[in-house]
Amino acid sequence: MEQDQQQYKTRVLISNEVIRKRIDELGQQIAKDYPSGTIHMVGILKGACIFLSDLVRAVPAPVKFDFMAVSSYGRGKTSSGEVKLAKDLDMSLEGMDVLIVEDIVDTGVTLTYLAHVLQQRRPRSIQIAALLDKPSRRMRPVQVKYVGFTIPDEFVVGYGLDYAEDYRNLPDICILDPVNPA
Ligand code: PRP
């Protein structure tokens, strides 16, 4: 793994300070949009765990949260188009206000699948929050109510996002550049 990391260098795209400010804004907006009752946030493992951790603390309203995991076949830096549920929720969503929390919307394949699965659980409402949106790569239309940042078509890591499971712990969102041999 260490050898792999030496083949790339990271360049900050969005600093942790900017991320935190934007999450504070999103938290205030979300609290206003749900004036009564508890917001049930569903974080999608693994990438969204860092965003969800900061977001729940930025929402001045009652929040419960749980996690789901999906797996995609044949994924390197791109989606295969095929998704399956790898870890389900522990709680029922029936009659609840559900907010799906994702780190990034890329092709939209994962969120299309998840929104369909969760809709069948009869929530009162269902919306999506994504820290990053890469609209240039969209294959399926997805309605994302809360977007942190719209980004260009660059491969990004950090703040939960990985490349081959590395870099998730970087505090900033960074572009991953190959180190070119001279
Ligand atoms: C990433 C990300 C989203 C999905 C978005 O997950 O966290 O779930 O890809 O891509 P899409 O819009 O093209 O479907 P990944 O499968 O890399 O898993 P991870 O969260 O565990 O890193």
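Is Cys174 buried or exposed at 4% relative accessibility? It counts as buried, and the first close-up of this predicted model picks up from there.

**View 1. Two cysteines, Cys49 and Cys174, with no disulfide between them.**
A disulfide is a covalent bond between the sulfur atoms of two cysteines. The structure holds zero of them. Look from Cys49 and the nearest cysteine sulfur belongs to Cys174, 16 Å away; look from Cys174 and the nearest one is that of Cys49, again at 16 Å. Since a disulfide needs the two sulfur atoms within 2.5 Å, the pair doesn't qualify. As for their surroundings, Cys49 counts as partly exposed at 29% relative accessibility, whereas Cys174, at 4%, counts as buried.

**View 2. The cis peptide bond between Leu45 and Lys46.**
Check the omega here: it's about -5°, so to speak the signature of this view. Lys46 sits in the loop that runs between strand E2 (39-45) and helix H3 (49-58).

**View 3. Positive phi at Glu165 and Tyr167.**
Here's a loop worth a look at its backbone torsions. Glu165 isn't a glycine, yet its phi is positive, near 75°. Tyr167 isn't a glycine either, and its phi is also positive, at about 75°. Glu165 is found between strand E8 (156-157) and strand E9 (173-178), and Tyr167 has its place in the loop between E8 and E9 too. What about accessibility? Glu165 comes out partly exposed, because its relative accessibility is 45%. Tyr167 is buried, because its relative accessible area is just 8%.

**View 4. The buried residues of helix H4 and what covers them.**
Helix H4 takes in residues 109-119. Its buried residues are Val109, Thr110, Leu111, Leu114, Val117 and Leu118. And what lies over them? The cover includes strands, among them E2, E3 (63-72) and E4 (83-87). Strand E5 (97-105) and strand E6 (125-133) are also part of it.

**View 5. Asp106 and its polar contact with Arg137.**
Asp106 lies in the loop between E5 and H4. This aspartate is buried, because its relative accessible area is 17%, and buried means under 20%. Which side chain does the side chain of Asp106 make a polar contact with? That of Arg137, at 2.6 Å. Setting aside neighbours within four places in sequence, Asp106 is in contact with Lys134, Arg137 and Arg138.

Methods:
Residues numbered from 1 in each chain as written. Predicted model: local features only at pLDDT ≥ 70, side-chain atom pairs only at ≥ 80, totals over all residues. Heavy atoms only, no water. Helix = DSSP H or I, 4+ residues; strand = E, 2+ residues; numbered from the N terminus. Buried < 20%, exposed > 50% of the residue type's maximum accessible area, 1.4 Å probe, protein only. Contact = heavy atoms within 4.5 Å. Polar contact = N/O pair within 3.5 Å; in protein donor to acceptor, adjacent residues only side chain to side chain.
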